[in-house]
Amino acid sequence: MPRLSDSMEEGTIVRWLKRDGDEVARGEELVEIETDKATMAYESDTAGTLQITAQEGATLSVGAKIAVIGDDDPAPSNSTTAAVEVPQPPTAPTPAIETAPQAPASAPLGGERVKASPVARRIAGERGVDLGSLSGSGPGGRIIKADVEDAGTAASASPPAARTSGGEASGRGAVTTTEPTRTQTLIARRMAESRATVPSFTLQINVDMTTATTLRAELKASAGEGQAVPTINDMIVKASALALREQPQANGAWRDGHFEHYSRVNIGVAVAAAGTLVVPTIFDADTKTLAEISAESGALAESVRSSAITPPQTSGGTFTVSNLGMFGVRSFDAVINAPQAAILAVGAVEQRPAVHNGEIEPRMLMELTLACDHRILYGADGAKLLARIKALLEAPLSLAS
Amino acid sequence: MADRPLPPPETAINWFKSMTLIRRFEERAGEQYTRAKVGGFLHLAIGEEATIVGAVAALRPTDYMIATYRSHGQALARGSEPGRVMAELFGRVDGLCRGRGGSMHMFDLERRFMGGFGIVGGNLPLAAGFGLSSDYLGNDDATLCQFGDGASNQGTFGETLNLAALWSLPVVFMVTNNQFGMGTSLERHSAQTDLQVKGEGFGVPGLECDGMDVIDTWAVTEEALRIAREERQPVLVEALNYRFRGHSIADPEDYRSAEEVLEWSKRDPLLTFGDRLIAEGVINEQQREAIDLEAIATVDEAVAFADASPEPEPSSLYDDVYVLSDEVRGWYSADHRGAGLQKGEELC
Amino acid sequence: MAEMRYREALNEALTEELERDPNVYLMGQDISVFGGAFKVTEGLMDRFGEKRIRDTPISENTIVGIGVGSAMTGLRPVIELMTINFSLLALDQIINHAAHVRYMFGGQVSVPLVVRMPQGAGHQLGPTHSHSFEALYLHVPGLLVAVPSTAADAKGLLKTAIRDDNPVIFIEHETLYGQRGEVPDDPDFTVPFGLAAIRRAGSDVTIIGISRMAQTAECAAEQLAAEHGIEAEVIDPRTLRPLDLDTILESVAKTNRCVIVEEGWPHGGVGANLAALIGEQGFDDLDAPVGRVTGVDAPMPYAKNLEQISFPHEQQVIEATLALFGDRKRALRG
């Protein structure tokens with residue numbers, strides 16, 4: 001099982017793109033693997049005859065054997081986790097078993113055994129928690145009781161619990177149960193962990209976007225055919241990046257009892273896709289022009305929608321912007337994308353009466369809500385950051401540098 | 001030593017009956033062993049009947065008798081029911097020890113037969129313990145401890161004789177010298193072959209008796225018991241005899257010649273004592289045969305009794321591992337019969 | 001309550017039981033005139049006389065055998081073997097007879113015998129005089145095994161041992177003889193067999209300490225709480241047979257983790273046994289493998305520095321406990 005993201009501990013074989021016994025060339029796509037972040041096509045790094053040892057649907061630890069290419073060379077040199085056979089059903093059953101002839105006798109079928117303590121297994125069984133969706137905090141990454149209990153909190157925070165109803169009569173009518181994807185499970189866990197462990201506070205501020213919207217309208221009017229025009233969100237990304245550059249304590253993380261500060265300002269932009277949420281990263285947003293940011297974010301959003309996003313594109317963020325303004329939401333409180341220090345929640349730009357130059361007049365207003373991890377970003381620092389973002393957005397020419 | 005006078009006729013006949021019973025019992029036990037009715041080891045006392053019966057005859061009912069792994073005869077001589085002895089050999093619930101001990105571990109508390117013991121020399125300290133109890137409790141019970149010539153080389157022999165003499169315990173130690181420690185002859189296993197002197201250095205005087213002669217054995221043992229009981233002086237008695245069968249059923253007897261066995265068989269204690277009883281008019285030939293037939297019938301009954309006795313219930317497996325009480329309500333035991341644990345009390 | 005030394009508590013138990021039951025007698029090397037190698041029986045000869053306080057020759061196997069024989073025939077012997085090391089000479093009588101006589105004779109007799117003996121390392125006595133053999137005797141069905149770690153338990157358990165109708169291996173600890181502790185005055189005070197003592201309540205990990213190691217475990221638990229925020233529940237089983245497995249399992253069900261501390265060797269040790277029992281009976285309660293801290297797998301060396309690293313101290317208990325926590329210990333500390 002190749003490691004395809006920084007946080008990947010295990011992956012699920014979605015689909016073999018080659019058949020058992022096929023001759024494969026170096027660089028050919030072999031298999032689609034669902035990681036904790038995305039579904040990836042994995043290319044062969046060697047040539048030879050393919051012997052598939054892990055079937056579609058199997059979930060295996062990084063380093064576990066999924067196939068052998070070429071002569072009998074079963075030991076993956078970069079194996080980090082010993083493969084252990086376990087009679088565990090695949091997380092997502094697929095009808096593809098017939099496509100692969102019987103695997104070599106020596107190769108275990110089925111998924112990698114999840115390393116969990118006995119009491120964790122028992123409680124997970126009682127509560128219907130999928131151990132495969134958890135990462136362990138015990139010695140050697142073992143899932144222990146507390147991990148399952150934490151996940152129990154997450155399960156109650158996320159939408160429908162994954163339990164079959166068994167057709168029982170219920171005040172809620174028939175219950176349809178679906179298994180979350182790996183990504184959904186990961187989102188559930190990370191959000192719950194963030195809410196449960198991060199001492200957060202929120203700051204709100206009103207931003208007068210009249211100038212910015214006027215500027216954008218002008219840019220749009222002067223833009224040529226097919227030329228991208230920065231969105232309000234692109235401006236917010238740029239403003240945030242510049243503000244973060246000036247306020248380095250906000251461009252960091254509280255991690256394992258230490259402050260981490262990052263030299264690069266990488267803004268994650270939450271993008272909704274069918275049934276999931278992906279946060280692609282705009283790297284070095286502080287040094288990029290609005291046009292560059294605009295082009296990049298457009299391409300990333302498209303990748304998300306077509307499921308072509310790759311783990312490197314969703315890693316490395318130091319700050320996140322989440323925008324629900326397009327739905328008319330005036331303001332909201334976002335969950336910090338831990339271990340980042342803060343997340344900026346962006347509401348809709350609305351025309352509202354406001355006092356401007358001593359007169360009440362219609363203005364384009366927008367509410368920003370900054371959620372901060374108080375362990376690294378304190379009230380005044382958060383307020384300064386937010387005020388700086390406001391100032392930049394209200395003087396949008398400063399973003400066009 | 002055949003010159004010792006016969007005891008009163010009734011006594012003499014009882015001894016003869018007892019010796020005959022042991023002989024027929026042992027023969028039948030050997031036969032049942034070959035039919036796989038008896039498991040484990042089977043040590044027969046054929047040829048040693050005079051030593052057993054003569055020694056036991058000298059005991060009071062309240063005296064303690066303790067012997068070795070060759071002890072069916074001692075149990076029978078003490079009066080244990082032959083059926084219960086045979087049932088023990090068969091591993092049945094009506095055995096003297098409910099099938100827990102087998103051939104080597106007969107025991108009958110009621111008759112103060114304090115056991116056969118499987119460890120050579122292991123019974124000597126226990127005998128001293130019985131003697132200590134008698135002494136401590138201030139009664140005049142004595143203890144007779146039989147063991148073989150081989151056991152006289154064990155550390156417990158010297159340790160126990162020393163302690164018994166030191167503490168003036170009323171114990172008679174009888175070394176049954178059948179001249180082989182299993183397959184090793186006396187000359188090859190003991191530097192001092194005159195076993196009765198082996199106790200002197202420990203303060204235990206020695207006596208000797210003809211273990212092939214029931215009367216001599218009785219007379220010497222009785223004197224030894226008197227000394228122990230009245231003078232609080234332990235005594236070592238050497239009873240010289242010969243076992244006609246191998247050490248156990250599994251013994252091919254390669255270590256001695258057929259001629260030697262034949263020579264000794266002329267001194268067969270059952271034969272010579274029977275001949276003497278007839279010669280002195282205590283019994284006639286018909287009576288001898290009747291006694292023999294009676295013994296055979298008794299043994300037949302014993303076999304039938306043992307055959308009819310059920311095997312111990314598996315649920316009784318943990319019985320008597322402990323005395324259960326308020327203090328020891330049970331104990332945890334890992335049990336091979338099931339995956340889990342068993343709490344002892346729940347099986348009792 | 002009176003404060004007294006462990007050896008004085010034992011002496012008091014012997015005195016009271018000798019007075020209570022005339023069939024109780026003591027037997028051992030140098031217990032009478034000399035007062036015992038560790039002075040446990042001091043003064044008893046003057047009070048009860050040589051008939052009941054009996055000096056013996058150096059004949060361990062026979063001394064125990066005499067004890068068994070006299071126990072089979074009405075007496076209640078309490079034997080002192082000078083140290084547990086010498087009990088190896090008496091193994092035949094202890095195992096083949098004391099433990100098995102009742103069973104192999106179908107329950108016709110019982111053996112109300114106590115064999116008292118101290119064990120333990122730490123006095124630079126080298127390989128033959130530093131053994132810890134509770135596991136050896138625990139192995140044998142038919143024996144009861146008591147391992148008192150406090151003065152009160154020394155007295156209460158010894159009185160129970162003397163009154164019990166089974167053979168009891170009563171293992172004292174050389175290092176504990178001089179330790180003081182509160183002991184109830186009540187002459188009827190006894191400590192029942194098969195009832196573990198919870199020395200310290202805790203919620204995060206169960207630490208089981210055998211014999212002196214119960215004290216080591218308690219000290220380690222205090223440090224774990226102070227320095228690592230880990231609240232350990234410390235259990236002293238007090239008797240290994242009968243074993244209060246219920247208390248241990250209840251604790252593990254609560255804490256989900258367990259460490260066993262013993263002075264003896266690791267292979268076939270008490271910890272190995274308890275770990276197996278907990279694995280069999282409490283598997284679904286475990287958050288980590290059962291940890292063990294034992295004496296090292298070597299004979300006991302003479303050199304002081306080597307000896308000191310050959311049996312467990314608080315630090316090893318702390319390390320073994322922390323090893324069960326992984327990342328969680330950070331959370332607990334916070």
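# A first look at three chains

Let's start with one helix: in helix 8 of chain A, A:Gly379 and A:Ala380 are exposed, on the side of the helix away from its buried residues. The structure you see is a predicted model, and this helix is a handy place to begin reading it. From there we can look at a hairpin, the overall make-up of two chains, their nonpolar cores, the contacts between chains, and a few unusual backbone spots.

**Helix 8 of chain A**

- Helix 8 of chain A runs over residues 379–394, and at 1.5 Å a residue its 16 residues should span 22 Å; the end C-alpha atoms are 22 Å apart, so expectation and model agree.
- Which residues of this helix are buried? They are A:Gly382, A:Leu385, A:Leu386, A:Ile389, A:Leu392 and A:Leu393.
- Looking down the axis of helix 8 of chain A, you would find its buried residues within an arc of 125°, so they line one face of the helix.
- Several elements of chain A help to cover those buried residues, including helix 4 (210–222), helix 5 (232–246) and strand 8 (200–208).
- Strand 16 (342–356) and strand 17 (359–373) of chain A are also among the covering elements.

**A hairpin in chain A**

- Strand 9 (residues 252–255) and strand 10 (residues 258–261) of chain A pair in the antiparallel sense, over four bridges.
- Across this pairing, A:Ala253 in strand 9 stands opposite A:Glu260 in strand 10.
- The two strands form a hairpin with two residues between them, and A:Asp256 in the turn has a positive phi of about 50°.
- In a regular strand, side chains alternate between the two faces of the sheet.
- Strand 9 of chain A shows such an alternation: A:Gly252 and A:Trp254 point to one face and are buried, while A:Ala253 and A:Arg255 point to the other face and are not buried.

**Chains A and C in outline**

- Chain A has eight helices and 17 strands, and of its 401 residues 39% count as buried.
- Chain C has 13 helices and 14 strands, and 60% of its 334 residues are buried.
- For contacts in chain A between residues at least 6 apart in sequence, 63% join residues at least 24 apart.
- In chain C, 78% of the contacts between residues at least 6 apart join residues at least 24 apart.

**Nonpolar cores**

- The largest nonpolar core has 204 residues, and B:Val172 and C:Ile207 have the most contacts inside it.
- Beyond its neighbours within four places in sequence, C:Ile207 is in contact with residues including C:Ala217, C:Ala220, C:Val259, C:Val317 and C:Thr321.
- Another core, of 74 residues, lies apart from the largest one; A:Val62, A:Ile282, A:Val346 and A:Ile376 are among its members.

**Where chains meet**

- Between chains C and B, 46 residues of chain C are in contact with 41 residues of chain B.
- On the chain C side, the elements giving two or more residues are helix 3 (60–72), helix 4 (91–98), helix 5 (101–104) and helix 10 (270–282).
- Helix 3 of chain C gives the most to this side, with nine residues.
- By class, this side of chain C has 18 nonpolar, 21 polar and seven charged residues.
- Between chains A and C, 12 residues of chain A are in contact with 12 residues of chain C.
- Here, helix 1 (118–127) and helix 2 (145–157) of chain A are the elements that give two or more residues to the chain A side.
- Helix 1 of chain A provides the largest share of that side, four residues.
- Six nonpolar, three polar and three charged residues make up the side of chain A that touches chain C.

**Backbone spots worth a look**

- Most residues other than glycine have a negative phi, and most peptide bonds are trans.
- A cis peptide bond joins A:Ala338 and A:Pro339, with omega about 5°; A:Pro339 is in the loop between strand 15 (319–323) and strand 16 of chain A.
- Chain C has a cis peptide bond from C:Arg241 to C:Pro242, with omega near -5°, and C:Pro242 is in the loop between strand 12 (239–241) and helix 9 (245–255).
- B:Arg98 has a positive phi of about 55° although it is not a glycine.
- Is B:Arg98 buried or exposed? B:Arg98 counts as buried because it has 23 C-beta neighbours inside 10 Å.
- C:Gln124, also not a glycine, has a positive phi near 55°; with 15 C-beta neighbours inside 10 Å, C:Gln124 counts as partly exposed.

Definitions and conventions. Residues numbered from 1 in each chain as written. Chains lettered and ligands numbered in written order. Predicted model: local features only at pLDDT ≥ 70, side-chain atom pairs only at ≥ 80, totals over all residues. Contact = placed C-beta atoms within 7 Å. Nonpolar A, V, L, I, M, F, W, Y, C, P; charged D, E, K, R; others polar. Buried ≥ 20, exposed ≤ 12 C-beta atoms within 10 Å, placed from the backbone. Core = buried A, V, L, I, M, F, W, Y, C linked by C-beta atoms within 7 Å. Pairing = 2+ DSSP bridges. Expected span 1.5 Å × (residues − 1). Arc of directions from axis to C-beta.
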